[in-house]
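Hi,

Here is the structure I promised to pass on to you. Have a look at it first, and then read on for what turned up when I went through it.

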Amino acid sequence: MRISGSRILMTGGAGFIGSHLVDELITRNASRVIVVDTLWLGTEGNLADARQAGDLTLLKEDAASYFALKAILERERIDVVFNLATCPLNYSFVHPRGAYMTSVEIAANLAELLRGGAFGHLVHFSTSEIYGSAVQTPMSEDHPTRPTTPYAAGKLAADVLLGSYVELFSLPVMTIRPFNNYGPRQNDGSYAAVIPLTIRRILAGERPVLEGSGDQTRDFTYVKDTARLTAALAETSAWGQTLNLACAEEVAIGDVIRAISRLMGYTGSIDRQPERRGDHLRHLADTSRARALVAFDPLTPFERGLEATIQWYSRRGATDASRAHL
Ligand SMILES: NC(=O)c1ccc[n+]([C@@H]2O[C@H](COP(=O)([O-])OP(=O)(O)OC[C@H]3O[C@@H](n4cnc5c(N)ncnc54)[C@H](O)[C@@H]3O)[C@@H](O)[C@H]2O)c1
């Protein structure tokens, strides 16, 4: 599938990874990009660069609505759908059913619409959260799955559902399974992840917070690398496959918070809180399957990515007051 000249629809495209992927697709000369996003966590501002650069339309619609998606797909003659819409992991602690159902409903809608010929190819976003804590490292796509949050359970259910459609109907679905991402435009309001949250706290003159021992590890990828690699993988013929996407480097969360503090010149103390329920001890990806398909290197070194991320939040200033309710 060639991105150049393609008509693309992206669910969740006004969010963090989605908006960077929109930028990448427009750079690769997609002929038209339609973003379907409720703008619950995503923002129009995230798409400002893309609007300048290409043919972009933002539709404030719920991808969990089958009929809304169907009408858009019938009208727009879409070649490929990138499915990124999701409720964040932390949201699933307070609204477990909603987080689970959103992932499943959107995947079920897209599976049915793809089966009916409403569009040509589906690139679906999964998550490393479905694996749970590593029982063997590095973690390949065949690592056992043990979701410990309703978010991860919903993402796994979506993957399983799409896998069954691939088996039964030979549909062109590619499942991208990123490990943790970081970078500009990541939500730093409610339900935020550790990197944007730590930067926000330091910028606001507050103390950073470390949950648990700090020895728990993650495999962090700079978001622009994820966007580049996803677009490159979509141009391969790896339909029917599931592909881990990560740097394949393990970083302890305590070291992440200390690195951000150092880079921001913060010398105060770090607040300690108990370990988060459902947290994982270790994550380290085996990316050999995707590396056999596209050139990964050069990947952004973690410290360089952190610097760029801190610069972006510092320039942007405080969290948008209109998002304080989130
Ligand atoms: N951020 C990470 O570290 C990470 C890691 C692995 C996988 N992922 C996956 O990548 C994808 C994108 O994640 P992100 O971090 O950019 O999240 P995000 O919250 O920034 O973006 C998700 C977007 O989906 C939108 N949305 C939510 N429900 C919707 C619905 N029903 N209909 C339409 N839009 C809806 C939100 O408004 C938001 O703009 C998700 O599928 C996520 O599971 C993210």
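**Around Glu249**

Setting aside the neighbours within four places in sequence, Glu249 touches Arg218, Asp219, Phe220 and Leu284. Before going further, please keep in mind that this is a predicted model. Glu249 sits in the loop that runs between β11 (242–245) and β12 (251–252). Is Glu249 buried, partly exposed or exposed? Its relative accessible area is 49%, so Glu249 counts as partly exposed, just short of the line, since exposed means over 50%. Glu249 also brings us to Pro138: the two C-alpha atoms are 9.5 Å apart, although 111 residues separate them along the chain.

**Two cis bonds and two positive phi values**

Pro138 belongs to the loop between β5 (119–125) and α6 (150–169), and the peptide bond that leads into it from Thr137 is cis, with omega near -10°. Asp297 and Pro298 are likewise joined by a cis peptide bond, with omega about 5°. Pro298 is placed in the loop between α10 (288–291) and α11 (302–316).

Why do I list these, along with the phi values below? Most peptide bonds are trans, and most residues other than glycine have a negative phi.

Asn29 has a positive phi, near 65°, and is found in the loop between α1 (16–27) and β2 (32–36). For Arg185, phi is near 75°, again a positive value in a residue other than glycine. Arg185 lies in the loop between β7 (181–182) and α7 (194–203). With a relative accessible area of 11%, Arg185 is buried, because anything under 20% is counted that way.

**Thr149 and the cysteines**

The loop between β5 and α6 has another residue to look at, Thr149. At a relative accessible area of 4%, Thr149 is buried. Which residues does Thr149 contact, apart from neighbours within four places in sequence? They are Leu89, Ser92, Phe93 and Gly278.

As for the cysteines, Cys87 is buried at 7% relative accessible area, and Cys247 is buried too, with 9%. How many disulfides does the structure hold? The count is zero.

**The protein as a whole**

Stepping back, the protein has 11 helices and 13 strands. Its radius of gyration is 19 Å, close to the 20 Å that the globule rule gives for 326 residues, so the protein is as compact as a globular protein of that length. Along the principal axes, the C-alpha atoms fill a box of roughly 55 × 45 × 40 Å.

Of the 326 residues, 54% count as buried. If you look at contacts with a separation of 6 or more, 82% of them come from residues 24 or more positions apart. The protein exposes about 13700 Å², and carbon and sulfur atoms supply 49% of that area.

Since you may want to set up charges, here is that part as well. The protein carries 33 positive and 36 negative charges, and the mean positions of the two sets are 2 Å apart.

Happy to go through any of this with you whenever it suits.

Best wishes

Technical notes:
Residues numbered from 1 in each chain as written. Predicted model: local features only at pLDDT ≥ 70, side-chain atom pairs only at ≥ 80, totals over all residues. Heavy atoms only, no water. Helix = DSSP H or I, 4+ residues; strand = E, 2+ residues; numbered from the N terminus. Rg over C-alpha atoms; globule rule 2.2 N^0.38 Å. Buried < 20%, exposed > 50% of the residue type's maximum accessible area, 1.4 Å probe, protein only. Contact = heavy atoms within 4.5 Å. Areas by Shrake-Rupley, 256 points an atom, 1.4 Å probe, with all protein chains shown as cover. Lys, Arg positive; Asp, Glu negative; His and termini not counted. Charge placed at Lys NZ, Arg CZ, Asp CG, Glu CD. Disulfide = S-S within 2.5 Å.
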